[in-house]
Amino acid sequence: MDFSGKIVLITGASSGIGATAAKYLTGLGATCVLAARSEAKLAEVREECVKLRKALPLTVVTDVTKYADLERLIQLTIAKFGQLDVLVNNAGTGASGTIETADLEQFDHILDTNLRSVFSLTKLALPHLLAVKGNIVNISSVAGTNSFVNALSYCVSKAGLDQFTRCTALDLASKGVRVNSVNPAVIVTNFHKALGMDDVAYAAYLKHCETTHPLGRVGTGEEVAAAIAFLACDATASFITGTCLRVDGGKHILTPR
C-alpha cells in the first residue's frame, strides 16, 4: 500500500487507535493532519511520525464537539496542503449506563462526540474529498453491530455511525467517494483507563476478554491501523464501499451460552 502524495486527516490522533494509525499511514508515505484536544500529546505523535519519515504532520488542537474547531481544522488543512484525500473519523468516547442509570447528559455527550461530530466534519470535508475522489474511514465498534449490557449510549452511537457509513456510501458512490468503517472489539489502548479503569482492573478486564473473543486474545492498535490503511487505499479497496469491517477476533459471531 502506497499513500505517497496523500493527505490524511485523523481525529482523536493523540493516543490509541488514532495515534497508531497516524504512524502506520505515515510509514506508508502519507502526510497526516493530526487533530485532538491535547497539544502536548499531539506533539509527541508528530515527533514519532517524523522519525518514521521526513514529512512533518500538521497538528491542530481540536474539540470535535465544537463546530468552530472543525471548521478551523478543515481550513488549516486546505491552507497548508491544498487538498484532502482521506478522512479518518476516529475521535470517540464511551460511558457505562443502562436505560435506568444513564441520564440525558451522558446520552447527549456520547452522541455529540461519536456521531454528531462525524456528520459535521464529513460535511465540511466533503467538497475537498469530492475534488480528488477521496474516501472516508469511520472508526466504529463491535458495539455498533452487537448489543452489550450497561453500554446503552455507546452502543446506540456506534450503531448510528454504522448506518451513517452505509447511507453516505450510497449517497457518494456515484461521485467516486468511498465510505467504510472499521469495527474493532477490545483493543489494547488507553480508552478504558481514560474512562476511569485503574491498572489492576484493566489487566483483569483484558484477561477476561481472552475468553470473550474466539481467537483467544484482544487486538492491537496496529491491527486496526492495517484495516484502516486497507480500506483507505484505492489500490486494495477500490471496489469496497459501505462496508463495516469487523476487526474483533470473531467476537461478533460468538453465541453466548
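**Exercise 1.** Which residue is the bridge partner of Asn 183 in strand 7? Place strand 6 among the strands beside it.

*Solution.* Keep in mind that this is a predicted model.
- Start with strand 7, residues 244-247. Here the partner of Asn 183 is Arg 246.
- Next, count the bridges: strands 6 and 7 are joined by 4, and they pair in the parallel sense.
- Now turn to strand 5 (residues 135-139), which runs parallel to strand 6 and is joined to it by 5 bridges. One pair to find is Ile 136 with Val 179 of strand 6.
- Finally, trace the chain from strand 5 to strand 6: it passes through helix 5 (residues 152-173), and this β-α-β crossover is right-handed.

**Exercise 2.** Work out whether strand 6 is enclosed or open, and which way its residues point.

*Solution.*
- Sort the residues by direction: Arg 178, Asn 180, Val 182 and Pro 184 point one way, while Val 179, Ser 181 and Asn 183 point the other way.
- Check burial, meaning under 20% relative accessible area. Both groups are buried.
- Conclude: 7 of the 7 residues of strand 6 (residues 178-184) are buried, so the strand is largely enclosed by the rest of the structure.

**Exercise 3.** Find the residues of the largest nonpolar core that touch the most other members.

*Solution.*
- The core has 31 residues, and those with the most contacts to other members are Val 8, Ile 10, Leu 25, Val 182 and Ile 228.
- Look for the main contributor: helix 8 gives the most, with 7 residues.
- Then zoom in on Ile 10, whose contacts beyond four places in sequence include Leu 25, Val 33 and Val 88.

Notes: Residues are numbered from 1 along each chain as its sequence is written. This is a predicted model: local features need pLDDT of at least 70, side-chain atom pairs count only at pLDDT 80 or more; totals for chains, interfaces and linings use all residues. Side-chain values use heavy atoms; hydrogens and water are left out. Buried means under 20% relative accessible area, exposed over 50%, partly exposed in between (1.4 Å probe, protein chains only). Helices (H or I, at least four residues) and strands (E, at least two) are DSSP runs, numbered from the N terminus. Two strands pair if DSSP finds at least two bridges between them. A crossover is right-handed if, with the strands pointing away from the viewer, the path from the first strand over the helix to the second runs clockwise. A nonpolar core is a set of buried Ala, Val, Leu, Ile, Met, Phe, Trp, Tyr and Cys residues joined through side-chain atoms within 4.5 Å. Contact means heavy atoms within 4.5 Å.
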